[in-house]
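Open the model in your viewer and keep the selection tool at hand. We will walk through it stop by stop, and at each one I will tell you what to pick and what you will find.

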Amino acid sequence: MRRPARAPQIPEHTYETLSVQNFAQIRQATVSFGDLTVLVGPQGSGKSLILQLFKLALDAPEVLSALRDAGHTVGTRKNSGRLLWPRNAPRLAQKTDVRVGKKTLVPEKLAPESCIEECVDVLYSAHRATLLADGWPSPFARLNADTPAIARLFSQNLFALFGDPHDTELFPVPRRLKEEYRTAIDNAVFHGGRVQLDKEALRKRLELRYGDARLPFMTWTAGQREFTPLLLGLYHLLPARQQRKVPEIDWVVIEEPEMGLHPRAISVVMLLVLDLLWRGYRVIISTHAPLVLDVVFAIRQLQEHGANHHLLAKAFDIPANKRTNPVLKEGSSRRACARMPCTSEESADEPSVVATDISGLDPSAENLVEAGWGGLTAFSSNFNRVVAEAING
């Protein structure tokens, strides 16, 4: 019997670091990333900007090539900065400096025509439901400057996926996901529904079928509209048979995977994240959901106490068997960390973003940011104290 290939091993010392200077509200920020990194913090604290700059620093030639192919003039800091973000959004200033390891984002020195397929290092998932507003993704060139270039790339990836003439059924698909994942997804999100492509006449649209009932995309629940493009985007990263990962992609960035989802569905997303770790990808998530940090906390506690990875199967409510055990074992051994980028005012004219390491997630920590899980549990604690006062009073 042929054994599946082992997942690529990530060197133990590898902690990629993003350094940003002079961009929007970020005067200076340094964020290090583990195998699984979760960014938390309030709106406007710089999470999305940090993630977009991370993608651009690694994959700028791909982004600029897509812009050039769509008819834009690129290659200068002024033009590139205007095209990378929507109108009235942040611009790459003359003093902006963005680095990931030894790679530096310098738009005017990039040569888009030198980009080849292997230059893609990061798959970035964001703006999911809005990209499928009418049930069908648009190619990059059809989305205007009001959509960030990185979101336009994700839409292009979905457009290419939907263009496969053989894939009319998108979920459940046995060759795409392990049976345990399909069952968990169905129980949490679709409840017996089948996601398919409607190909009547010359139009293609997503629809959800329950028996003879056919529901167009905009009639789905908010969670189904958010989860489906995320799942379909991940299909590209979950190749079947003996190949574990896409060789040219090392990083997966997911913005707010919890959008519209019940906690049971959020746990399914995190189960898929563990599968990505098992395959050799490194994952960065921005979130406002405490449950995402629950997974980080559990992984770190299992590691600290030398506990059996079978406990994760109980947490995710899936069977521990020959298909899931390798994923859970690998996922529980990875370096999971949490960071909180928060804006601070050092002076009136020099705002900065400070990335605080809250990976310990210790509720009794003296550091209130860590104890409150970056603010995700602090307000619950406030209400609990008020209730306690009311009862005791």
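**Stop 1: a bridge across the chain**

Select Arg323 and Glu180 to begin. They form a salt bridge, with the closest N and O atoms 2.6 Å apart; the term stands for a side-chain nitrogen of Lys or Arg within 4 Å of a carboxyl oxygen of Asp or Glu. Arg323 sits in the loop between helix 9 (310–316) and helix 10 (325–331), while Glu180 belongs to helix 5 (residues 179–190), so the pair ties together parts that are 143 residues apart in sequence. Helices (H or I, at least four residues) and strands (E, at least two) are DSSP runs, numbered from the N terminus.

Now colour by accessibility. Arg323 is partly exposed at 34% relative accessibility, whereas Glu180 is buried at 7%. Here buried means under 20% relative accessible area, exposed means over 50%, and partly exposed lies in between (1.4 Å probe, protein chains only).

A word on what you are viewing: this is a predicted model, in which local features need pLDDT of at least 70 and side-chain atom pairs count only at pLDDT 80 or more, while totals for chains, interfaces and linings use all residues. Residues are numbered from 1 along each chain as its sequence is written, and side-chain values use heavy atoms, with hydrogens and water left out.

**Stop 2: more salt bridges**

How many salt bridges does a search of the whole structure find? The search finds 18.

For another one, select Arg214 and Asp198, whose side chains meet in a salt bridge at 3.3 Å, N to O. This pair links distant parts of the chain, since Arg214 is in strand 10 (residues 213–216) and Asp198 is in strand 8 (residues 194–198), 16 residues apart. Arg214 is partly exposed, with a relative accessible area of 39%, and Asp198 is buried at 17%.

Next, pick Asp35, Arg282, Glu330, Arg334 and Arg335 together: they are linked in a network of salt bridges. Zoom in on Arg334 and Glu330, which meet at 3.0 Å, N to O. Arg334 is buried, with a relative accessible area of 6%, and Glu330 is buried at 18%.

While strand 10 is still in mind, click on Pro216, which is found there. Pro216 is partly exposed, with a relative accessible area of 46%. Add Gly135 to the selection: the two are 81 residues apart in sequence and 7.2 Å apart in space, C-alpha to C-alpha.

**Stop 3: helix 5 and its surroundings**

Show helix 5 with its side chains. Which of its residues are buried? They are Glu180, Tyr181, Arg182, Ala184, Ile185, Ala188, Val189 and Phe190. What covers them includes strand 7 (169–171), strand 8, strand 9 (205–210), helix 6, helix 7 and helix 10. Just past the helix, click on His191, which follows helix 5 and has a positive phi, near 50°.

**Stop 4: helix 5 against helix 7**

Bring in helix 7 (residues 263–279). The two helices pack at an angle of about 155°, with their axes 8 Å apart. Axes are lines fitted to C-alpha atoms, for helices over the stretch in contact, and angles run from 0 to 180 degrees between N-to-C directions. That makes helix 5 roughly antiparallel to helix 7 (under 35 degrees counts as roughly parallel, over 145 as roughly antiparallel, 65 to 115 as roughly perpendicular and the rest as oblique).

To see the contact (heavy atoms within 4.5 Å), select Tyr181, Ala184, Ile185, Asn187, Ala188 and Val189 in helix 5, which meet Arg264, Ala265, Val268, Leu271, Leu272 and Asp275 in helix 7.

**Stop 5: helix 6 and its two partners**

Show helix 6 (residues 222–235) beside helix 5: their axes come within 11 Å and cross at roughly 155°. That makes helix 5 roughly antiparallel to helix 6. The contact is made by Ile185, Val189 and Phe190 of helix 5 with Gln224, Phe227, Thr228 and Leu231 of helix 6.

Finally, add helix 4 (residues 149–162), which packs with helix 6 at an angle of about 75°, their axes 10 Å apart. Helix 4 and helix 6 are therefore roughly perpendicular to each other. Select Phe154, Leu158, Leu161 and Phe162 of helix 4 along with Pro229, Leu232 and Gly233 of helix 6 to display this contact.
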